[in-house]
Amino acid sequence: MISNQLKGLSATKLKVILMASILLLVLVACTGFWYFRLFLVNYSNQVSADNVAATVSSNEVTQLQKLKDELEINKVAVTRAEKIVADSTHYQYQNQIIDDISSYAAAAGVTITGFSFGASDTPSTQSAASTATSIAGLKTTEASISIKSPVSYSAIMNFIYSIESNLTKMQLTGISMSKNATNNQVVVNPISIKVYTR
């Protein structure tokens with residue numbers, strides 16, 4: 001039967017059928033190759049992206065480890081930095097500020113006669129109102145302190161040193177004093193102090 005069908009085909013028809021079959025196979029092969037190549041390109045891009053992400057992640061882990069090591073090495077500096085600004089909750093009440101300043105005064109041998117908080121220039125005993133303003137993310141509270149005068153110059157200098165060396169929780173903003181004519185002491189006008197809180 002096949003031989004009968006082949007007898008009905010001329011050489012030209014057979015040649016055309018073979019050429020068409022070969023052309024179809026070439027087209028199928030080219031299409032398959034193109035899709036395979038596209039798959040390989042996408043796979044290669046994905047692998048490259050994963051490699052970059054892995055490298056970045058590895059670098060970040062390395063940097064974080066270095067930062068952790070540096071923080072561990074500089075633990076003392078970190079602890080001091082945390083103490084630079086007082087917590088608002090710690091200084092929520094003026095009594096705490098008064099207690100801190102009073103302890104500095106007692107250690108220096110200075111007697112405080114009154115405190116004033118806020119805009120008032122006249123010192124009074126433990127006023128209840130304070131002024132807090134926001135400066136670069138920090139709050140400040142102004143305090144004015146009256147000192148019993150005359151007082152020893154070295155005592156007032158020790159008191160000022162205690163305030164200025166407390167890691168900037170407090171900062172002296174104004175002081176005026178004059179030499180006492182009768183002895184080797186000084187008369188001190190009210191001292192202005194700024195307390196920093198966060």
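**Fold, core and surface of a predicted model**

Of the 198 residues in the protein, 22% are buried. The model is predicted, and its pLDDT averages 75, with 75% of the residues scoring at least 70. Confidence varies along the chain: helix H2 (residues 11–73) has the highest mean pLDDT among the elements, at 87, whereas strand E2 (residues 132–135) has the lowest, at 45. Over residues 119–135 the pLDDT stays under 50, and for this stretch the model has 37 contacts beyond four places in sequence.

The secondary structure consists of 5 helices and 8 strands. Along the sequence these elements run α-α-α-α-β-β-β-β-α-β-β-β-β. Among contacts between residues at least 6 apart in sequence, 60% join residues at least 24 apart.

The largest nonpolar core comprises 25 residues, and Ile101, Ile147, Ile156, Phe159 and Ile193 have the most contacts inside it. Two or more residues of this core come from each of helices H4 (94–108) and H5 (153–164), and from each of strands E1 (112–117), E3 (138–147), E5 (170–174), E7 (185–188) and E8 (191–197). Leaving aside residues up to four places away in sequence, Ile147 touches Val110, Thr111, Ile112, Thr113, Ile156, Phe159, Val188 and Ile191.

The accessible surface of the protein is about 13,900 Å², and carbon and sulfur atoms account for 60% of that area. On the surface, Phe36, Phe39, Leu40, Tyr43 and Val47 make a nonpolar patch of about 510 Å². One of these residues, Leu40, lies in helix H2. Leu40 has a relative accessible area of 41%, so this residue counts as partly exposed.

How values were computed:
Residues are numbered from 1 along each chain as its sequence is written. This is a predicted model: local features need pLDDT of at least 70, side-chain atom pairs count only at pLDDT 80 or more; totals for chains, interfaces and linings use all residues. Side-chain values use heavy atoms; hydrogens and water are left out. pLDDT is the predictor's confidence in each residue, from 0 to 100. Helices (H or I, at least four residues) and strands (E, at least two) are DSSP runs, numbered from the N terminus. Contact means heavy atoms within 4.5 Å. A nonpolar core is a set of buried Ala, Val, Leu, Ile, Met, Phe, Trp, Tyr and Cys residues joined through side-chain atoms within 4.5 Å. Buried means under 20% relative accessible area, exposed over 50%, partly exposed in between (1.4 Å probe, protein chains only). Patches are made of residues with over 30% relative accessible area and no salt bridge: like charges are joined within 9 Å, nonpolar side chains (Val, Leu, Ile, Met, Phe, Trp, Tyr) within 5 Å. Accessible areas come from the Shrake-Rupley method with a 1.4 Å probe; for residues, only the protein chains shown count as cover. A salt bridge is a side-chain nitrogen of Lys or Arg within 4 Å of a carboxyl oxygen of Asp or Glu.
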